[in-house]
Amino acid sequence: MVSNRNFYNKLAVGAPAPEKELENNLERVIHFFPPHIKNVIDKLPEITKESDVILGNLEDGISPKDKIKARESLAKIGQQLDLSGTGLWTRVNSIDSPWFLDDISYLIENLGNKLDVIMLPMINDENEILFADRYIALNEAKFNLTKQIKIHVILETAEGVMNVEKLARSSPRLHGFSLGPADLAASRGMKTIRVGGGHPDYGVHGDRDINNKNRKFYQQDLWHYSLSKMIDACAANGIKPFFGPFGDFDDPEGCESQFRNSFILGCSGAWSLHPSQITIAKRVFSPSKEEVEKAVKIIEAMGDGTGAVKFDGKMQDDATVKQSMVLIDLAKKIKEKDPEIGEEYKV
Ligand code: GLV
Ligand code: MG
């Protein structure tokens, strides 16, 4: 790990310099697509208008026989697609796979700065991030990029979760982290074969009633611990946390509550694996009109923002001003970038 003084040094001669501030993009939903499938490609212009980010997936879900076709097709799609404000990301194959080197170099050569973020799966320790960081920098220099392509890490191994604090401060190229519940479950030996969401047998019993009957069972959130740990690591280092996939497309309610828990806990967005999940994520990761209204009223009631007042029967002080500003800043960003949802906000 480099000392603080050298943290912002370029990792290759001629590469673009790391930026100190992360761009304040609206990224409520990262929509995954397999780049080599014709009817998916045909729908992309419409999906691109809907989604905050589209991501060409090259890793799991793309069979080895299609890996190169998917990579080449993604480059063509990226060159031709009118993105107008929608982010273009990719998830490359893992750093130990036979595809990693060419995934990176081919996409940087062919997409240049049209590619915003490279998602790295199966990251365990910071040396792996630094290896990818250097290799991306070398390619940026070789192909004359003017701006750094960011790295987004999937937190999906037990070792990655153990090291998350070190990972989050490893490089100024980092954009953020996503929790990958499927690989994480396997890595930890969890006994669930679902992709995200709950498990009907994971929960606690309430007490028996007075007749020793009617004992209720409450299902619990499998991901709370890892998600919270990841969110703290991200927030402490100025990068963004996301929930990953929710695999059951036929359970929009389950998807909504998984996404909402992560929104409330501090995540900026989540993945979508099916177009129906884009709508869910955009709704969930935009605060409700009522919450924003309440936040605005708290700010008004607090005057210069210091001291304490009673509003709506509840105590407000300097800290609730800061809490309110989280919602107001997000509402302002949504109003600017997504007027369809944002027109509701009076900010
Ligand atoms: C995502 O990649 C996951 O493993 O959940
Ligand atoms: Mg995975």
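Trainee: What makes the approach of P181 to ligand 1 a polar contact?

Mentor: In this predicted model, a polar backbone atom of P181 is 3.1 Å from an oxygen atom of ligand 1. The cut-off for a pair of N or O atoms is 3.5 Å, so the pair qualifies.

Trainee: Which atoms of E156 and D183 come up to the ligand?

Mentor: For E156, an N or O atom of the side chain is 2.9 Å from an oxygen atom of ligand 1. For D183, a backbone N or O atom lies 2.8 Å from a ligand oxygen. The protein covers 93% of the 200 Å² of accessible area that ligand 1 has on its own.

Trainee: Which helix gives the most to the shell around ligand 1?

Mentor: Helix 7, residues 181–188, gives 3 residues to that shell. By class, the shell has 4 nonpolar, 1 polar and 3 charged residues. Among its members are R91, G180 and W271.

Trainee: Let's turn to D338. Why is D338 called buried?

Mentor: Its relative accessibility is 10%, and buried means under 20%, so the word fits. As for its place, D338 sits in the loop between helix 12 (318–337) and helix 13 (339–342).

Trainee: How do you know that D338 and R28 make a polar contact?

Mentor: Their side chains come together at 2.9 Å, and the limit is 3.5 Å, so the distance passes. Leaving aside neighbours within four places in sequence, D338 is in contact with L26, R28 and K282.

Trainee: How many residues along the chain separate D338 from D52?

Mentor: They are 286 residues apart along the chain, while their C-alpha atoms are separated by 9.4 Å.

Methods
Residues numbered from 1 in each chain as written. Chains lettered and ligands numbered in written order. Predicted model: local features only at pLDDT ≥ 70, side-chain atom pairs only at ≥ 80, totals over all residues. Heavy atoms only, no water. Helix = DSSP H or I, 4+ residues; strand = E, 2+ residues; numbered from the N terminus. Buried < 20%, exposed > 50% of the residue type's maximum accessible area, 1.4 Å probe, protein only. Contact = heavy atoms within 4.5 Å. Polar contact = N/O pair within 3.5 Å; in protein donor to acceptor, adjacent residues only side chain to side chain. Near = heavy atom within 4 Å. Areas by Shrake-Rupley, 256 points an atom, 1.4 Å probe, with all protein chains shown as cover. Nonpolar A, V, L, I, M, F, W, Y, C, P; charged D, E, K, R; others polar.
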